[in-house]
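Colleague: Could you take me through one part of this model up close, the way helices pack in it? I'd like one connected walk-through rather than a list.

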Amino acid sequence: MKELQLKSRRFRAEREGDWRRLEGLLARVERGSAKSLTDEELLALPVLYRQALSSLSVARATSLDHSLIDYLESLSTRAYFFVYGARAGLRQRLAQFFEHTWPAAVKGLWRETLASFAITAVAAIVGFLLVWNDPGWFGGLVPGGLGAGRDPTATTRFLRDTLYHSEGKASLAVLASYLFSHNAQIAIFAFALGFAFCIPTAFLLAENGLTLGAFFALFASRGLAFQLGGWLFIHGVTELFAIILGGAAGFRIGWRVAFPGEKTRLDAAAEAGRAAAPVIAGVVLMLIVAGLLEGFARQLITNDYARYAIAISTLVIWLGYFYTPRRERRPS
Amino acid sequence: MTAAGASTSAGAAAPPEVREFVTPEGVDLRLRIGGAGERAAAFILDAVFLLIAVIVLTLLASFSAGALASLGALGLKNNLSSVMMIVWLLGFFVLRNGYFVLFEFTPRAATPGKRILGLRVAARDGGRLTAEAVFARNAMREIEVFLPLTFLLASGVGATDPIGGWLVLLGLLWTGGFALFPLFNRDRLRVGDTVAGTWVVKSPRERLSIDLLDAQQAAAGQFAFTADQAGAYGIKELYVLEDVLRRKDAKTMAAVADRIRGKIGWRKEAAEADDAFLAAYYGALRGRLETRLLFGHRRRDKFDAA
């Protein structure tokens, strides 16, 4: 060894083995899962990561080998994302979601939920009164396709039939999956639209409420309000609740983007997004339940009281699940 | 933080895409954010993959329904086709909403398109990339992609109905703002990124190449540079020289070698090879600059007097 040998070169010769080892482990982790590592390797990874970081600092301060610094930067970054990445098992994370994250997120949005419920309710009342006083409004409030022949010109007998008519068994599942994917897309849409300062989300909710009110007025004018209630709420409790929650999540984002308070707009938006995202993920699950109820239960159960019983029990279950006080989890 | 800041200001000016990103250990990783072009290219790739997947799903569902039905009785046919209908409906929903979410939740935090372009998603605050963040950033695609697309598809209305046409145009302008959002901020954040607190960074996989000093070792004896000669340049020129040596392009090496000889007043011997000369000079220059570095002098370039 020459006396004049550079320190940066000796440094590299000493550390290179560890870098290569870290690189090999990372390549395996990125290709498959962390499960392919032995316990020993798993324990070695954070240590090697810190070594790489310290090497990077040393190299930046003492070495002028550009490619070496680039290599160490890329290696440390890859290792950083692994070491600080989420690695909880899927089952554990799902348990955590149902046990804590989802209900807590819904509870956290109670103000927005009330607002979005109020908009839907007011719109429903307005829709009801408009159509009650002048059936001509019906065509303006209900989009053509949705009515499917249920409009003021229809006979009472036809309207009654639509409430108890059952489709072929095979097509029930198709109906359920269609309704689910359609409604879930709308809920995600309501969430995304919140970014435009809440207004489009409010429109979407109001439109939903108006349609609801208009239908009620039409059926009530033929003395079928009670029956319509059973037909609608057997799945509607879950579905309307889900859409109201979707709107609430949108409102949170729009409100925080418009009025960030003490934070920067960007920070406020990120915070609101994280608070609202579990709600939307949950809303998709609720809509699966709603789709099943609408596609199967409503078509198979034609007794009004049974329908109301299911409606009320779903309401109790959802409210209980979301809003029962539970013990605070210690932050882990 | 301070050490990193000092070295950044002392070194060559950082390129505009570099962002400070300090790990909990206090080291700045100097992440580079993905450019708008790369992001767009990654998205187009993903869109193509998605489209192919949807087409395959559709073909599979319709073919298998037809093939199975032809085996069985007519009553079975209705059942089967409805099963395929369900598979298609749910499959389409999962593809549209799940493709991005599921891929970004793997250890690489990137969809296939991003992976091809060497990009990945990361939390802006340096923390973990949570499921909520991934979900939120991709739910926002609803207004960034699908809403403008709806208005674009509706633009045919304008031909028959002038008022509707104006409304569609307004809608297109409005939603175009969401789609082009990344162009109007420094970090190229999508609407989804702002809401999720994420950004998209480059994650290249650099290989550790050989230390150029190893190559120089053999020839070192032939060349003896004086302190003045070895100190003619600064760090910026050293990096250029490193680049030239790694590329090994004979023409460039000859030109660079001549420039250096001229500058330091080196007389070329008859048998002297350009690459050996450059390698030896690289070793001498780096040795000199690194020694000075240890004493706290970082000579930026040849105009830097220090």
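Modeller: Let's start where helix 11 of chain A passes helix 13 of chain A, in a left-handed crossing. Keep in mind throughout that this is a predicted model. Helix 11 of chain A covers residues 225-258 and helix 13 of chain A covers residues 304-323. Their axes come within 8 Å and cross at roughly 25°. An angle under 35 degrees counts as roughly parallel, and therefore helix 11 of chain A and helix 13 of chain A are roughly parallel to each other.

If you want to click on the residues that meet, on the helix 11 side of chain A pick A:Phe226, A:Gln227, A:Gly230, A:Trp231, A:Phe233, A:Ile234, A:Val237, A:Thr238 and A:Phe241. Across from them, helix 13 of chain A brings A:Asp304, A:Arg307, A:Tyr308, A:Ile310, A:Ala311, A:Thr314, A:Leu315 and A:Trp318. Sort that contact between helix 11 and helix 13 of chain A by class and you get 11 nonpolar, four polar and two charged residues.

Now swing over to another pair in chain A, helix 4 (residues 90-108) and helix 12 (residues 265-300). Here the axes are 8 Å apart, and the packing angle is about 115°. Angles of 65 to 115 count as roughly perpendicular, so that is how helix 4 of chain A and helix 12 of chain A sit relative to each other. The crossing of helix 4 of chain A and helix 12 of chain A is left-handed. From helix 4 of chain A, the residues in the contact are A:Phe97, A:Thr101, A:Trp102, A:Ala105, A:Val106 and A:Gly108. They meet A:Ala275, A:Pro278, A:Val279 and A:Gly282 in helix 12 of chain A. By class, the contact between helix 4 and helix 12 of chain A comes to seven nonpolar, three polar and no charged residues.

A third pair in chain A is helix 1 (residues 7-31) with helix 3 (residues 66-83). Their axes come within 10 Å and cross at roughly 45°, which makes helix 1 of chain A oblique to helix 3 of chain A. The crossing of helix 1 and helix 3 of chain A is left-handed. Helix 1 of chain A makes the contact with A:Arg12, A:Trp19, A:Leu22, A:Glu23, A:Leu26 and A:Val29, and helix 3 of chain A does so with A:Leu68, A:Leu75, A:Arg78, A:Ala79 and A:Phe82. In the contact of helix 1 with helix 3 of chain A there are eight nonpolar, no polar and three charged residues.

Stepping back, those pairs belong to a chain with 13 helices and zero strands. Of the 332 residues of chain A, 43% count as buried. Contacts in chain A with a sequence separation of 6 or more are made up to 80% by residues 24 or more positions apart.

Next door is chain B, where 56 residues are in contact with 58 residues of chain A. Among the elements of chain B that give two or more residues to this side are helix 5 (131-139), helix 6 (141-153) and helix 13 (274-294). Helix 3 of chain B supplies the largest share, nine residues. The side of chain B that touches chain A divides into 31 nonpolar, 12 polar and 13 charged residues.

Chain B has 13 helices and four strands, and 32% of its 306 residues count as buried. Take strand 3 of chain B, residues 119-123, where five of the five residues are buried. B:Leu119, B:Val121 and B:Ala123 point one way from strand 3 of chain B, while B:Arg120 and B:Ala122 point the other way. Strand 3 of chain B runs antiparallel to strand 4 (residues 198-202) of chain B, and five bridges join the two. To find your place, look for B:Leu119 opposite B:Lys202 in strand 4 of chain B.

For a contrast in burial, go to B:Leu183, in the loop between helix 7 (162-179) and helix 8 of chain B. B:Leu183 has 9 other C-beta atoms within 10 Å, so B:Leu183 is exposed. C-alpha to C-alpha, B:Leu183 and B:Gly37 are 10.0 Å apart in space, although 146 residues separate B:Leu183 and B:Gly37 in sequence.

Terms used: Residues are numbered from 1 along each chain as its sequence is written. Chains are lettered from A and ligands numbered from 1 in the order in which they are written. This is a predicted model: local features need pLDDT of at least 70, side-chain atom pairs count only at pLDDT 80 or more; totals for chains, interfaces and linings use all residues. A residue is buried if 20 or more other C-beta atoms lie within 10 Å of its own, exposed if 12 or fewer, and partly exposed in between; C-beta atoms are placed from the backbone. Two strands pair if DSSP finds at least two bridges between them. Axes are lines fitted to C-alpha atoms, for helices over the stretch in contact, and angles run from 0 to 180 degrees between N-to-C directions. Angles under 35 degrees count as roughly parallel, over 145 as roughly antiparallel, 65 to 115 as roughly perpendicular and the rest as oblique. A crossing is left-handed if the near helix is turned anticlockwise from the far one by less than a right angle, and right-handed if clockwise. Two residues are in contact if their C-beta atoms, placed from the backbone, lie within 7 Å. Ala, Val, Leu, Ile, Met, Phe, Trp, Tyr, Cys and Pro count as nonpolar, Asp, Glu, Lys and Arg as charged, and the others, Gly among them, as polar.
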